[in-house]
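Hello,

Here is the structure I promised to pass on to you. Please have it open while you read, as my notes follow below.

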Amino acid sequence: MKDFLLGILQNEILVYTLMAVVPLAWVIPFALFAVWWERKISAHMQDRLGPMQAGWHGTIQTIADILKLMLKEDIVPTAADSKLFKLAPYVVFGGAYAAYAVVPFSAAYVGSEINVGLFYFISISSIAVVGLLMAGWASNNKWSLYGALRSAAQIVSYEIPVALAILTVVMVTGTLNLQEINDAQGGMFWNWFIFQKFPFLFFALVIYFTASLAEVNRTPFDIPEAESELVGGYHTEYAGMRFALLFLSEYANMFAVSAIATTMFLGGWNSPFGDFMSGPWWGVFWFLLKGMTFIFIQMWLRWTLPRVRVDQLMYVGWKVLIPFSFVLILGVGVWMLAIQ
Amino acid sequence: MDVTLQKEGAVADVDAGRRPATVPGLGRALRAEEMVINMGPQHPSTHGVLRLELIVDGEIVVDAIPHIGYLHRCFEKHAESMNNYQQVIPYVDRLDYVAAMSNEFGYVVAMEKLLKIQVPERVEYIRVIMAEFSRIVSHLIALGTYGIDMGAYTPFLYCMRDREHVLDIFEETCGARLLYNYMWVGGLSHDVKPNFQDKTRDFCKYFRPKIAELNELLSYNKIFKERTAGVGVLPPEVAINYGASGPVLRGSGVKWDLRKNDPYSIYNRFAFDIPVGMGIKGRVGDSWDRYMVRVHEMEQSVNIIEQAVEQLPAGDVQSAIPKRIRPEPGEVYVRTETPKGELGFYIVSDGTASPYRVKVRPPCFVNLSTVPAICRGSMIADVVAILGSIDIVLGEVDR
């Protein structure tokens, strides 16, 4: 896509800007859709209808909400550290959005095809912690501080199982480049890594998905913003557009981790049926379809499960997920040696 | 105010002795102290305008001090100002507003004892059915909101859906859905509709599987058990010493239910069990036990309703209502088992048409007093679990 655009525009800066903006054209409509979708899913799980008034089945409800948030007064608490307070949502969103640089939407499009894509993803997703800490600290609210410190502990802890689960795939492919990982899963769907080295990579997906729920603060690991304990956690004091930005980054993060799960384990933009319905545009279709499946599972879990306590969260991370991901790494390693 | 300040000082002193004075490698003293954090009066999990002053050491709660009174409405003064004993009933409704029928029941039983009125059989049966419906409604709200406290939103809406069926029956009977003014001294405001028995039977048939559904979704959920079992253990002797009653007392394994132990109205005619906490998942008296007692009580309430609706006699529900109420000078104390526990009415009459005194012994107020005793040393998330399992309604705590 880069070469194609270069051919048309003849201007590198313009091309790179355009390449950087493309994911935004997905993230914002996605967030608008996902908020509505989550409402509908939760409503139907709970024997109700959800939004029905604004548009057909409430389809433009989120747009109305965004408009409302935009029109709201921008409140910065008097006692807050106003510079940090104002900066924090941008850091959080910046971190979430930067992850999209390496998300391969299609064979023809990936923001930046760097050979350490996965490594970049793991590190950039930690930036959000800084933003959340800023938000919680600057709010000058004890509940926000709790939320911020909880999220710092949680995200830092759960990065380890995420990285270890990803490492199993890296062992198989021998590359950190996400497009090359996609290429390695071409052909029919049994070539996807979820079905390879069975059951090691399948369990790697389970571990990755569980840990990624904690990384994006989703139930059952949503303790940084646990409503019934911490009111709103780090975003208690935020209102209007700043709140919307924090909300947007949560949904952006949800899709980012789902996209990585798709790429690593479900063949990314590959068609499940070899050459049938494959190509750059079909690639986008398959990629988004698989990504949305993970989003659906995230929502499904959210509206089913209670929330774990903060010490139980640490227990699951350090004493369950991390040891098991080491076992998986060992298993995959032994398998690969045995085959050779 | 002075008391609060002293308390804070005392906590700080304890802290100074307990903490290491220096940090290894840093060489100088690190100042560490407990934090005071207000949970409420505006907080999603205090179930109303309760303020819990938490003294916390990180995530650990060192002490929890409930501050009440934000919903004080001068119930006693209002009751004394009424020029008719019947006029107190709407105020009684507003004590425990999620189980208004039960409150009315307690008041009218007390008044009838004071006036020495014998109400018709039909009235007694309808009252028992309504009170047990009220118990189901109250427990559904308690269990559903407890789910929200634990982060599970869906069970709450399932509970509200089932509650709606009961409210429909209430609405058909007396026109109101929350605050009924239905039980009057000596009778009822309305007789039930002709299809009442069928509707009640239908509800019982519908509701039993729903309890099983709630159990599958929430009660036996692994995370839910982890969060509640063994958390906020209230030992039986502590519960008795604090005067706790209702599911809080029974959750601690004490088999005490006024419907059996000090029967009023016609409760001695029905066969039902008193569920108590067994410590199946954790220890006797933990939050899960208190939760589960409520689930089992709903089943027992359905049993009572089914028996009562089959025996419902014919009659006039208003025949015994006195035209004018002027009790002999004297006093009466009657206690009844509401969903929250032992609700006592102490009514003093000076022979006039206005009550001289109407004192309420509210179960929620007493149950809430156990919170500091069982919160110490738990985590902030556990405070939410404990408070939810106590099931307070601030209308009754503050009156």
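**What I found**

Let me start with a single residue pair in chain B: Met35(B) has Val56(B), in strand 2 of chain B, as its bridge partner. Please keep in mind throughout that this is a predicted model.

That pair belongs to the antiparallel pairing of strand 1 of chain B with strand 2 (residues 51–57) of chain B, which runs over five bridges. The sheet here is open, with three strands in the order 1-2-3 and antiparallel pairing. Strand 1 (35–39) and strand 3 (60–67) of chain B are its edges, each pairing on one side only. On average, and ignoring direction, neighbouring strands in this sheet are turned by 25 degrees against each other.

Further along chain B there is another sheet to look at. Three strands in the order 6-7-8 make up this open sheet, and the pairing is antiparallel. Its edge strands are strand 6 and strand 8 of chain B, each of which pairs on one side only. From one strand to the next, the twist averages 15 degrees.

The pairings inside that sheet go as follows:

- Strand 6 (residues 330–338) of chain B is joined to strand 7 of chain B by nine bridges, and the two run antiparallel. They form a hairpin with two residues between them. Within this pairing, Arg335(B) stands opposite Gly344(B) of strand 7 of chain B.
- Strand 7 (residues 341–349) of chain B also pairs with strand 8 (residues 355–361) of chain B, in the antiparallel sense and over six bridges. Here Phe345(B) has Val360(B), in strand 8 of chain B, as its bridge partner. These two strands form a hairpin as well, with five residues between them, and Gly351(B) in the turn has a positive phi of about 90 degrees.

A helix packs on this sheet too: helix 4 (residues 100–115) of chain B lies across strand 6 and strand 7 of chain B, and runs at about 150 degrees to strand 6 of chain B.

Stepping back to the whole chain, the secondary structure of chain B comes to 16 helices and eight strands. Chain B has a radius of gyration of 23 Å, close to the 21 Å given by the globule rule for 399 residues, so it is as compact as a globular protein of that length. The C-alpha trace of chain B spans about 85 × 50 × 35 Å along its principal axes.

Now to chain A, where I looked at one helix pair. How do helix 4 of chain A and helix 11 of chain A lie to each other? The axes of helix 4 (residues 82–98) of chain A and helix 11 (residues 240–265) of chain A come within 9 Å and cross at roughly 20 degrees. That is under 35 degrees, and the two helices are therefore roughly parallel to each other. Their crossing is left-handed. Helix 4 of chain A contributes Pro89(A), Val92(A), Phe93(A), Ala96(A) and Tyr97(A) to the contact, while the residues from helix 11 of chain A include Leu245(A), Leu248(A), Ala252(A) and Ala256(A). By class, this contact has 10 nonpolar, two polar and one charged residues.

Finally, the two chains meet. Their contact takes 23 residues from chain A and 25 residues from chain B. On the side of chain A that touches chain B, the elements giving two or more residues are helix 10 (227–230) and helix 13 (310–339) of chain A. That side has nine nonpolar, five polar and nine charged residues.

Best wishes

Definitions and conventions: Residues numbered from 1 in each chain as written. Chains lettered and ligands numbered in written order. Predicted model: local features only at pLDDT ≥ 70, side-chain atom pairs only at ≥ 80, totals over all residues. Axes fitted to C-alpha atoms, helices over the stretch in contact; angles between N-to-C directions. Helix = DSSP H or I, 4+ residues; strand = E, 2+ residues; numbered from the N terminus. Parallel < 35°, antiparallel > 145°, perpendicular 65-115°, else oblique. Left-handed = near helix turned anticlockwise from the far one by under 90°. Contact = placed C-beta atoms within 7 Å. Nonpolar A, V, L, I, M, F, W, Y, C, P; charged D, E, K, R; others polar. Pairing = 2+ DSSP bridges. Rg over C-alpha atoms; globule rule 2.2 N^0.38 Å.
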